[in-house]
Amino acid sequence: MTDTSHDPASIAASEPQAQVRRSALLDVVDGAVEATGQDAGTAAHYGDPVREQRALARGSAIVDLSHKGVVCVSGPDRLSWLSTLSSQILTGLGPGQSSETLFLSVQGRVEFAPHVIEDGRTAWLITEPQETEPLRQWLESMRFALRVEIEDRTQEVAVLGAAEVPEHLRLLAAEPAEGRCELVWTDPWPGVAEGGWAYGEQQDHPGEQRRWHEILVPRERLVQAVTGPQADGLSLAGSWAGEALRIEAWRPRLGPDTDDRTVPHELDWLRTAVHLAKGCYKGQETVARVHNLGHPPRRLVFLDLDGSEHTLPSAGAEVIAGQRTVGRVTSVQLHHEAGPIALAVVKRSVDTQAELRVREVLEAPEQTEGEQAEAPQSEQWAAAQTVVVPPDAGQVVQRESGFLRRPRG
């Protein structure tokens, strides 16, 4: 019998669905409309999503991310231990420095994708709500005799998101670390970290214009931090605003853009979360094989959607080329300038020039006894694709100066 006790997927499957952490801001801020799905427990918007998005892009708004989890790893072996387990080298992190890493399955599929901040004594891992407890349990199972301690600090520490970090939030962000440094995670996307690799655009990448920070503050001070006198001049933006700017930047996110088959190459995640020259870790063989010898089976695309219907498809809607279903929409939002936009994962073989459509099957109306069942209706949107991960991504050892080598002889 195979031992699955240390397998992240088995641990996650054995856990009940993540408990929704309901933000205190929902009860004190007028106009707050609660989000659904992965961002449940925080506000989708506060009455004017487009205005909120513009303010967030300017740097004058804050997003409530207090539904996210915070897992701490302390002890003298913490960074070397995390490096051994994950796709990234974290041993060089100093106080106040941040990184991104992935914990993979044996098959190289993405299981966890925490954002990491080091304070000199503790590594702080910012997690999506559904991965917090499974990640903590898995890390506990991998401790062995090493000098590390793992603790879930979500009840004490809350997360905020912003393009610019106000000074009063920087001061608050030093409190959980007892003043050693400000706990502010800075998104490295779309830069190429040391040891990383970019499959998509390296110049004029749309993410170059996006700034993003995640700020750790004492949870008991959350409401005062964003609504009190010190927050004068700041406004609140809902999760819809943050998601629209993320999608515009082609930035992948665990949950919306991943499933149980996702490998990092499909989402261009080797840029920021994978060090291709580091030592052995779970999933490394798949990472190396796909990058050097093969191709990722699917690829991320950005979609400009037809906005004439004044509607948006749901995540999970089908992507159609001709008469074939070739992928699915993973994230979708209305952008304040670009209109309806989406990320989708499609088959690698899809022609980059193909005309695509997004189709969502609507629920059929309920039938009374004796009535003939109606065929399910659907709604469709024309979709112009922009390549994020090209079809020829991978096979690096067979390339010379960016072109495929001719066979020897």
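The points below concern selected side-chain contacts in this predicted model.

1. Tryptophan 124. This residue belongs to strand β9, which spans residues 122-127. Tryptophan 124 has a relative accessible area of 1% and is therefore buried. Its side chain nevertheless has a polar partner, the side chain of aspartate 119, at 3.0 Å. Tryptophan 124 also lies 6.5 Å from valine 73, C-alpha to C-alpha, although 51 residues separate the two in sequence.

2. Aromatic pairs. The structure contains three aromatic pairs. In one of them, phenylalanine 112 and tryptophan 138, the ring centres are 6.2 Å apart and the planes meet at 40°, so the pair is classed as tilted. This pair connects distant parts of the chain: phenylalanine 112 is in strand β7 (residues 110-112) and tryptophan 138 is in helix α5 (residues 132-141), with the two positions 26 residues apart. Phenylalanine 112 is buried at a relative accessible area of 2%, and tryptophan 138 is buried at 1%.

3. A further tilted pair. The rings of tryptophan 250 and phenylalanine 302 have centres 6.4 Å apart and planes at 40°, and this pair is therefore tilted. Distant parts of the chain are again linked, as tryptophan 250 sits in the loop between α8 (239-248) and α9 (284-292), whereas phenylalanine 302 sits in strand β15 (residues 298-305), 52 residues apart. Both partners are buried: tryptophan 250 has a relative accessibility of 7%, and phenylalanine 302 has a relative accessible area of 8%.

4. Other aromatic contacts. Phe103, Phe112 and Trp138 make up one aromatic cluster. Elsewhere, a charged residue meets a ring: arginine 271 is placed over the face of tryptophan 189, 5.6 Å from the ring centre.

5. Salt bridges: aspartate 27 and arginine 22. Side chains of opposite charge can pair when their charged atoms come close. The model has 31 salt bridges. One of these joins the side chains of aspartate 27 and arginine 22, with an N to O distance of 2.7 Å. Which of the two classes, exposed or partly exposed, applies to aspartate 27? Its relative accessibility is 57%, and because the cut-off for exposed is over 50%, aspartate 27 counts as exposed. Arginine 22, at 48%, is partly exposed.

6. Arginine 211 and glutamate 164. The closest N and O atoms of this salt bridge are 2.8 Å apart. The pair bridges distant parts of the chain, from the loop between β12 (184-186) and β13 (213-218), which holds arginine 211, to the loop between β11 (157-162) and α6 (167-173), which holds glutamate 164; the two residues are 47 residues apart. Arginine 211 is partly exposed at 36% relative accessibility, and glutamate 164 is partly exposed at 37%.

7. Aspartate 259 and arginine 328. The side chains of these residues form a salt bridge with an N to O distance of 3.8 Å. Aspartate 259 lies in the loop between α8 and α9, and arginine 328 lies in strand β17 (residues 324-335), so placed that the pair links distant parts of the chain, 69 residues apart. Aspartate 259 has a relative accessibility of 21% and is partly exposed, because buried requires a value under 20%. Arginine 328, at 25%, also counts as partly exposed.

8. A salt-bridge network. Salt bridges with shared partners connect Asp39, Lys68, Glu128, Glu214, Glu243, Arg246, Arg253 and Asp257 into one network.

How values were computed:
Residues numbered from 1 in each chain as written. Predicted model: local features only at pLDDT ≥ 70, side-chain atom pairs only at ≥ 80, totals over all residues. Heavy atoms only, no water. Helix = DSSP H or I, 4+ residues; strand = E, 2+ residues; numbered from the N terminus. Buried < 20%, exposed > 50% of the residue type's maximum accessible area, 1.4 Å probe, protein only. Polar contact = N/O pair within 3.5 Å; in protein donor to acceptor, adjacent residues only side chain to side chain. Phe/Tyr/Trp six-rings, centres within 6.5 Å; stacked < 30°, edge-to-face > 60°. Lys NZ or Arg CZ within 6 Å of the ring centre and 35° of its normal. Salt bridge = Lys/Arg side-chain N within 4 Å of Asp/Glu carboxyl O.
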